[in-house]
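Please look at the sequence and the model below, and then read on for a short account of two sites and the cores around them.

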Amino acid sequence: MNVRAAAAEVIYQVVDQGQSLSTALPAAQQHIKERDQALLQEICYGVLRWLPKLESITQQLMDKPLKGKQRVFHHLILVGLYQLGYMRIPAHAAVAETVNATKNLKKPQLRGLINAVLRNYQRQQASLDEQAQSHDAGRYGHPGWLLKLIKTSYPDDYETILTANNTKAPMWLRVNRRHHSRDEYQGLLDQAGIESETHPQAPDALRLLSPCDVSKLPGFTEGWVSVQDAAAQLSVEYLQPQAGELILDCCAAPGGKTAHILEREPSCNVVAIDCDDTRLARVHDNLQRLNLKARTLCADARYPSQWWQGEQFDRILLDAPCSATGVIRRHPDIKWLRRADDIAALAQLQAEIVDAMWQQLKPGGTLVYATCSITPQENREQVTAFLDRTTDAKLIDSDPQQPGRQILPGEEDMDGFYYAVIRKLP
């Protein structure tokens with residue numbers, strides 16, 4: 001399939017049909033040549049990052065929008081505009097290949113329209129770009145409700161956050177210390193010609209200066225290393241698993257944190273739960289590659305009596321379901337799949353889960369509450385409300401007035417993440 005046609009269909013599935021990019025993109029990659037898969041990803045990510053600007057330009061160039069069965073061709077125009085505005089592909093090639101995509105999409109009669117729109121953009125690019133960026137949505141590439149939330153929550157940092165959300169995410173590795181120390185593995189990367197940097201707080205983390213295919217990483221198939229953002233790796237630093245403990249990883253998929261606990265302390269008895277069977281399969285896959293063992297359960301964390309009759313846990317890592325507003329740079333579709341009213345609904349779900357999990361924690365035990373969100377409602381306000389209603393809970397190592405640690409996107413080149421460590425009083 002023509003890679004531009006594939007990109008238009010992916011964007012259509014995400015924006016118009018509400019599919020996630022992590023579902024639509026891999027499916028599309030199966031129908032194009034392997035050498036084009038990276039190009040397809042670049043185009044899809046780029047269009048979703050800058051969707052408001054591209055939509056604005058399209059509105060300026062067309063008398064009326066394409067609708068119904070022609071809707072995918074609207075997204076094909078966005079694909080063409082992104083190439084011309086943001087990529088190094090020669091303009092004539094970008095236009096020609098985008099126009100040729102009409103054959104794959106079975107509407108070759110629209111060749112003239114697609115060609116005219118893209119050629120007009122070329123002729124008027126400076127003025128069209130200026131007009132498209134004259135409003136905040138076009139300038140920052142975020143929907144209005146999310147822009148307002150971020151500006152209100154972080155009045156001094158919102159531009160930094162928005163910029164980070166629209167940049168390409170780095171590739172972080174987690175070194176499996178059962179095989180090598182971080183420094184030893186960095187030496188193996190050096191020998192392979194792969195440059196990397198360490199992280200000041202995540203002792204198992206290495207950031208690649210240039211992302212590469214995992215097949216090029218020394219010992220990847222043998223479980224020497226995994227791909228995981230440094231912010232997510234900090235979960236084990238806050239959890240501090242000890243030898244022989246019974247630990248619950250709640251909402252565990254895809255299993256990176258489960259594996260990290262066992263890499264750090266192999267004698268732990270880890271139970272990993274997730275309510276999605278498909279996602280839970282990824283936990284199995286990750287544990288198998290790393291030759292680690294944990295008990296996995298498909299379970300709803302709100303109702304532990306339905307799936308757990310064992311003793312209380314020494315430690316619980318609660319990586320709560322959230323808006324994922326801290327990982328937009330990795331998942332730009334989040335901006336267009338989330339809605340403003342999702343935040344309150346997620347906060348309610350999080351409160352139900354944390355209350356249920358608290359009952360499964362031993363007196364003297366530790367619960368680490370974590371999200372990959374940056375919204376105060378899901379993080380500091382959530383923890384404050386929990387502490388107010390829970391008499392045997394004590395916040396550890398942070399100010400009760402500003403509980404926990406909020407990592408913002410791009411901070412030390414990490415994803416946005418939140419952590420709060422809470423101990424259950426004896």
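A residue is called buried under 20% relative accessible area, exposed over 50%, and partly exposed in between, with a 1.4 Å probe and protein chains only. The model is predicted, so that local features need pLDDT of at least 70 and side-chain atom pairs count only at pLDDT 80 or more, while totals for chains, interfaces and linings use all residues. Residues are numbered from 1 along each chain as its sequence is written, and side-chain values use heavy atoms, with hydrogens and water left out.

Two buried residues are set side by side here.

| Residue | Relative accessibility | Place |
|---|---|---|
| Cys 372 | 17% | loop between strand 9 (361-371) and helix 17 (380-389) |
| His 75 | 0% | helix 5 (residues 71-86) |

Cys 372 carries the annotation "active site" in an unreviewed UniProt entry. Leaving out residues up to four places away in sequence, Cys 372 is in contact (heavy atoms within 4.5 Å) with partners including Cys 322, Thr 325 and Phe 417.

The side chain of His 75 makes a polar contact of 3.2 Å with that of Asp 16, and beyond its neighbours within four places in sequence His 75 also touches Ala 8, Ile 11, Tyr 12 and Val 15.

The largest nonpolar core (buried Ala, Val, Leu, Ile, Met, Phe, Trp, Tyr and Cys residues joined through side-chain atoms within 4.5 Å) has 49 residues, and Phe 73 is one of those touching the most other members. Helix 5 gives this core its largest share, nine residues. A second, separate core of 46 residues includes Cys 372.

Key: Helices (H or I, at least four residues) and strands (E, at least two) are DSSP runs, numbered from the N terminus. A polar contact is a pair of N or O atoms within 3.5 Å; within protein, one must be able to donate a hydrogen and the other to accept it, and residues adjacent in sequence count only if both atoms are side-chain atoms. UniProt positions are given in the numbering used here, feature names are shortened, and annotations may be inferred rather than shown by experiment.
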